[in-house]
Amino acid sequence: MPVFSRQYPGIINKLVSFGHKHTEKRKIDVIIIHSVYNASGGDIYDVDLIINQFAKYKVTPHFLIDREGVIYQMVKEKDIAYHAGVSRLPDGSTGINSRSIGIEIITSFDEAPSALQMDASVKLVKYLKEKYQVKYVLRHSDIAPGRKTDPWNMNWEEFVRRVNNKKDE
Ligand SMILES: [Zn+2]
């Protein structure tokens, strides 16, 4: 299990060269939760195959959470990652990549996030909410309805409840 602190020792750095744009400073007030699997042959849950797939499409999240709940950081938070696509916030605004952090949880159409992934995603989002003035924590399907259905099979109500519960570790 990843161990969390302000310094974030539980995160494994796996910074990639594609799918993002460097910035010196940006405002972060949105977190978008996604899910992904490897659809290109081989193990559908393999981290490196999934990263190869992101590379092929020149997209990436900031964070990727594997089935064991290990968190990989693929893009620095201050850099803009291409993860949201054509999308719109509840207040109607667009340009979500420029102000958001994207988190991909490895699941499939058939399987929910594992308990370890739920724990890791709750901890990660809580940490990011402490660090930034986050206005929205949303599913990809919330910002791109009709186009996106992820995160798949995620108990969103439980996730939101845990993120907002200060006692939940
Ligand atoms: Zn997505």
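These exercises work through a predicted protein model, from its overall layout to a single residue.

Residues are numbered from 1 along each chain as its sequence is written. The model is predicted, and local features need pLDDT of at least 70, side-chain atom pairs count only at pLDDT 80 or more, while totals for chains, interfaces and linings use all residues.

**Exercise 1. Overall layout**

Task: State how many helices and strands the protein has, and how compact it is.

Solution:
- Step 1. Count the elements. There are 4 helices and 8 strands. Helices (H or I, at least four residues) and strands (E, at least two) are DSSP runs, numbered from the N terminus.
- Step 2. Read their order. From the N terminus, the elements go β-β-β-α-β-β-β-β-α-β-α-α.
- Step 3. Check the radius of gyration. The value is 15 Å, close to the 15 Å that the globule rule gives for 169 residues, so the protein is as compact as a globular protein of that length. The radius is taken over C-alpha atoms, and the rule is 2.2 Å times the number of residues to the power 0.38.
- Step 4. Look at burial. Of the 169 residues, 35% are buried. Buried means that 20 or more other C-beta atoms lie within 10 Å of a residue's own, with C-beta atoms placed from the backbone.

**Exercise 2. The sheet**

Task: Give the strand order of the open sheet and find which strands stand at its edges.

Solution:
- Step 1. Write the order. The 6 strands run β1-β5-β4-β7-β3-β8, with mixed pairing. Two strands pair if DSSP finds at least two bridges between them.
- Step 2. Find the edges. β1 (11-13) and β8 each have a single partner strand, so one side of each is left without a neighbour in the sheet.
- Step 3. Add the twist. It averages 25 degrees from one strand to the next.
- Step 4. Check one edge. β1 and β5 run parallel and are joined by 3 bridges. Ile-12 stands opposite Tyr-72 in β5.
- Step 5. Check the other edge. β3 and β8 pair in the parallel sense over 4 bridges. Val-137 in β8 is the bridge partner of Ile-31.

**Exercise 3. Two strands, two burial patterns**

Task: Describe which faces of β8 and β3 are buried.

Solution:
- Step 1. Recall the rule. In a regular strand the side chains alternate between the two faces of the sheet.
- Step 2. Take β8 (residues 136-139). Val-137 and Arg-139 point to one face and are buried. Tyr-136 and Leu-138 point to the other face and are not buried.
- Step 3. Take β3. Val-30, Ile-32, His-34 and Val-36 lie on one side, Ile-31, Ile-33 and Ser-35 on the other, and all are buried.
- Step 4. Find a neighbour of β3. β7 runs parallel to β3, and 7 bridges join them. Ile-32 stands opposite Gly-102 in β7.

**Exercise 4. The core**

Task: Name the residues that touch the most other members of the largest nonpolar core, and the strand that gives the most to this core.

Solution:
- Step 1. Fix the term. A nonpolar core is a set of buried Ala, Val, Leu, Ile, Met, Phe, Trp, Tyr and Cys residues joined through C-beta atoms within 7 Å.
- Step 2. Pick the residues. The core has 34 residues, and Ile-31, Ile-32, Phe-63, Ile-65 and Ile-103 touch the most other members.
- Step 3. Find the strand. β3 gives the most, with 5 residues.

**Exercise 5. One residue, Ile-105**

Task: Is Ile-105 buried or exposed, and what does Ile-105 contact?

Solution:
- Step 1. Place it. Ile-105 is in strand β7 (residues 100-106).
- Step 2. Count atoms. Ile-105 has 28 other C-beta atoms within 10 Å, so Ile-105 is buried.
- Step 3. List contacts. Beyond neighbours within four places in sequence, the partners of Ile-105 are Ile-33, Ser-35, Ile-65, Pro-113, Gln-117, Ser-121 and Pro-151. Contact means that the C-beta atoms, placed from the backbone, lie within 7 Å.
- Step 4. Look along the chain. Trp-152 is 47 residues from Ile-105, and their C-alpha atoms are separated by 9.3 Å.

Methods. Buried ≥ 20, exposed ≤ 12 C-beta atoms within 10 Å, placed from the backbone. Contact = placed C-beta atoms within 7 Å. Axes fitted to C-alpha atoms, helices over the stretch in contact; angles between N-to-C directions.
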